[in-house]
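New to this one? Take a moment with the sequence and the 3D view, then read on for a quick tour.

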Amino acid sequence: VGVCVCEQVKTQHDEEAIVTGHEGGKGRNAYRLGALTLKTPDGREFSCGSGLTDADRLSPPAIGSVVTYRFTELMDNGFPRFPVFVAPRIDLDWDDYCASYAAPDQSTFAAPGLQREHSIMYAAPGLQRTLSDRANAAF
């Protein structure tokens, strides 16, 4: 009997923003940084607490510095879903970045639609057909 290994692939996008504030932490991060308040060139302002290491929380990026963050998609209101801090961008000038910035298109970064068809990446065609038939019979 063979083993089918299937992996879920999640796309992520990255973008730069400027740090406009520091939010205090709670629980294990009490008395340390809990999240950064970030602002994009088009004025979207949001919190980003994921991805920060303990060292980042003790010595966070300064207010006014440029950082890179990742996100999975844009929500309906245009804000990033699940922003994750990546790193400071000391090589990037904020004014130059703002001058060349193009606001993200909602359709480009939207979540993919749900599919009723199943995609079994590494399954034999017979197994894929059997699983699809079972799934369709359930509806």
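Here is a short briefing, starting with the whole chain and then turning to one strand.

Keep in mind that this is a predicted model. The protein chain has three helices and seven strands, and a good place to look inside it is strand β4, which is largely enclosed by the rest of the structure.

**The whole chain**

- Going along the sequence, the elements of the protein chain come in the pattern β-β-β-α-β-β-β-β-α-α.
- The protein chain counts 139 residues, and 28% of them are buried.
- If you take the contacts with a separation of 6 or more, 56% of them in the protein chain are between residues 24 or more positions apart.
- About 9,400 Å² of the protein chain's surface is accessible, and carbon and sulfur atoms hold 53% of that.

**Strand β4 and its burial**

- Strand β4 covers residues 66-71.
- Why is β4 described as largely enclosed by the rest of the structure? Five of its six residues are buried, so the rest of the structure largely encloses this strand, where buried means under 20% relative accessible area.

**The partners of β4**

- Strand β1, residues 13-24, pairs with β4 in the antiparallel sense, and six bridges link the two.
- To find this pairing in the 3D view, look for E15, which sits opposite Y69 in β4.
- Strand β7, residues 84-88, also runs antiparallel to β4, joined to it by four bridges.
- Which residue is the bridge partner of T68 in β7? That's A87.

Key
Residues numbered from 1 in each chain as written. Predicted model: local features only at pLDDT ≥ 70, side-chain atom pairs only at ≥ 80, totals over all residues. Heavy atoms only, no water. Buried < 20%, exposed > 50% of the residue type's maximum accessible area, 1.4 Å probe, protein only. Contact = heavy atoms within 4.5 Å. Areas by Shrake-Rupley, 256 points an atom, 1.4 Å probe, with all protein chains shown as cover. Pairing = 2+ DSSP bridges.
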